[in-house]
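Biologist: Before we start, I'd like every label justified. Can you show me the model, then walk me through the cut-offs?

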Amino acid sequence: MSSRRNGSQSLHRLLGHWQETSSRTPLWRQLAEALRLLILDGRLALDSRLPGERELASVLDVSRTTVASALAQLREEGYLDIRHGSGSRVILPTHIRDVPTRSATPLAVDLSTAALNAGPEIHQAYQEALRAMPPHLLTSGYQPQGLLSLRESVARHYASRGLPTHADEIMVVNGAVSGLALILRLMTGPGDRVLVDHPTYPLAIAAIQGASCRPVGVSLPEQGWDTAGLAATIAQTSPRLAYLMPDFHNPTGRCMDEPTRQIVADIAATTHTTLVIDETMVNLWYDAAPPPPLAAYHRHAPVILLGSAGKSFWGGLRLGWVRAPARTIAALVQTRDTFDLGSPVLEQLATTWLLDNASAFLPQRRQQLAERRALCQTLMRSHFPEWRFQTPQGGLSYWVELPDALATQFATRAESAGIQLGTGTRFGLAGAFDRFLRMPFALPEEGLREAFRTLQPLWESLRMQSAGSKVRKII
């Protein structure tokens, strides 16, 4: 099985302005450093192949010797596997592949999880659910497709967003990840490829790999989505599914605009590639509501939508839903008995009340989060001026670019001080994105301030050590 090939023109665009003509650093070393950053950032997919030396030299307008020296350096450092006759394959050094696992030790501050505590509306929802419970006690309680009342509420929610939906097109599941796992069980087999945004939600990666499928990353550019890259990757890899997060993408917080949604839907319709669209963050917008669901842009596009009560309301509900054509829902219901027999009735009733009354409390919830988003931005600029980030349009976190591949080392030091950080490597394939952190802003004000006060000296110490190491290498 051949690996993906990076086109020379595409690689040229990714490299950007990599040459520093005034620098004393040799040109081959500048090229090696630029390629290394692309690999660490995840913009060069692992296991993909680079263009040949002659082709790359021509596109970059440098000598073949320059290209050969740069690739040899990367091979020595463990970033390329160069084999005669098969080109250069992108890999990661062994020490980077070891992504840290979550600690079992209770920590003072958890900045690895982007989620909110329950608000007073959750207590009220459960009270209402208990009142509505008695008639359901006269039944078995097994509802593989979910309670009709909840499915009707979810259908109304989609209709209000511009996608007419019938209750038969909704299935209730135990969270969005459970829904994804069920879809994978129905529609894929061992070894199938599944396209994902790169970076993407780590539990989605785990679900795909757990289904014995192979996630294939399509790198996100500085802004928006790379639709040309999406189309090219579909053509090259023939994936069984594509898992995307257009609504306040986790971890970047960006939102796909309407023209891009139209292009993506058209690609899906033309290539007959089923899109699994994760909308778990759709209600957490701050500046403007998102466009209609992607399924509304092409009626013949095979699109399955995933929703969840966890991010909008409370993670403890552990309830989500799938929106798909009625025939697909029927097949998912038949497949479900290999997972479970349905979702808890009480949680379904509580979620029904929350959906029907969301307009009474979600605006205040969004306002609270917008204030925490602003505070987090102020604190990061004050304590960590070297960090680069864009203000997320929605969601619960910032995607922070560090000046060097220090996320894992920083997270290790933070954990010793009682703070759990979400390194970028959790959101990439095979350890990519060690130059990034996901920084949630869901904590209350004092919690954020205290966490940043604790992290600042740890970061300064790490930066000084890293700078000293670079100086010693130069000498």
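Modeller: Sure, starting with burial: buried means under 20% relative accessible area, exposed means over 50%, and partly exposed is in between, with a 1.4 Å probe and protein chains only. This is a predicted model, where local features need pLDDT of at least 70 and side-chain atom pairs count only at pLDDT 80 or more, while totals for chains, interfaces and linings use all residues. Residues are numbered from 1 along each chain as its sequence is written, and side-chain values use heavy atoms, leaving out hydrogens and water.

Biologist: Why is tryptophan 399 called buried?

Modeller: Its relative accessible area is 11%, and the cut-off for buried is under 20%. So tryptophan 399 is buried.

Biologist: And what makes tryptophan 399 and phenylalanine 433 an edge-to-face pair?

Modeller: Rings of Phe, Tyr and Trp (its six-membered ring) pair if their centres lie within 6.5 Å; planes under 30 degrees apart are stacked, over 60 edge-to-face, and the rest tilted. Here the centres are 5.9 Å apart, with 70° between the planes, so edge-to-face it is by that rule. The count of aromatic pairs comes to 13.

Biologist: Where do tryptophan 399 and phenylalanine 433 lie?

Modeller: Tryptophan 399 is in strand 11 (residues 397–401) and phenylalanine 433 in the loop between strands 12 and 13, so the pair ties together parts that are 34 residues apart in sequence. Helices (H or I, at least four residues) and strands (E, at least two) are DSSP runs, numbered from the N terminus. Phenylalanine 433 is buried too, with 3% relative accessible area. It also forms an edge-to-face pair with phenylalanine 436, at 5.8 Å and 80°.

Biologist: What makes arginine 388 and glutamate 401 a salt bridge?

Modeller: The rule asks for a side-chain nitrogen of Lys or Arg within 4 Å of a carboxyl oxygen of Asp or Glu. The closest N and O atoms of arginine 388 and glutamate 401 are 2.5 Å apart, so the pair passes that rule. Glutamate 401 is buried at 14%, whereas arginine 388 is partly exposed at 48%. The structure holds 16 salt bridges.

Biologist: Which parts of the chain does the salt bridge between arginine 156 and aspartate 356 tie together?

Modeller: Arginine 156 lies in helix 7 and aspartate 356 in helix 13, so the pair ties together parts that are 200 residues apart in sequence. Their closest N and O atoms are 3.3 Å apart.

Biologist: How do you know that strand 4 and strand 10 pair?

Modeller: Two strands pair if DSSP finds at least two bridges between them. Strand 4 and strand 10 have four, in the antiparallel sense, and strand 9 and strand 10 also pair that way over four bridges. Both faces of strand 10 are covered: Gly320 and Val322 are buried on one side, Trp321 and Arg323 on the other.

Biologist: Last one: what is the largest nonpolar core made of?

Modeller: A nonpolar core is a set of buried Ala, Val, Leu, Ile, Met, Phe, Trp, Tyr and Cys residues joined through side-chain atoms within 4.5 Å. The largest has 50 residues, and Phe313 and Leu354 are among those with the most contacts inside it. Helix 13 (residues 345–356) gives the most to this core, with six residues. Apart from it lies another core, of 39 residues, including Leu116 and Ala442.
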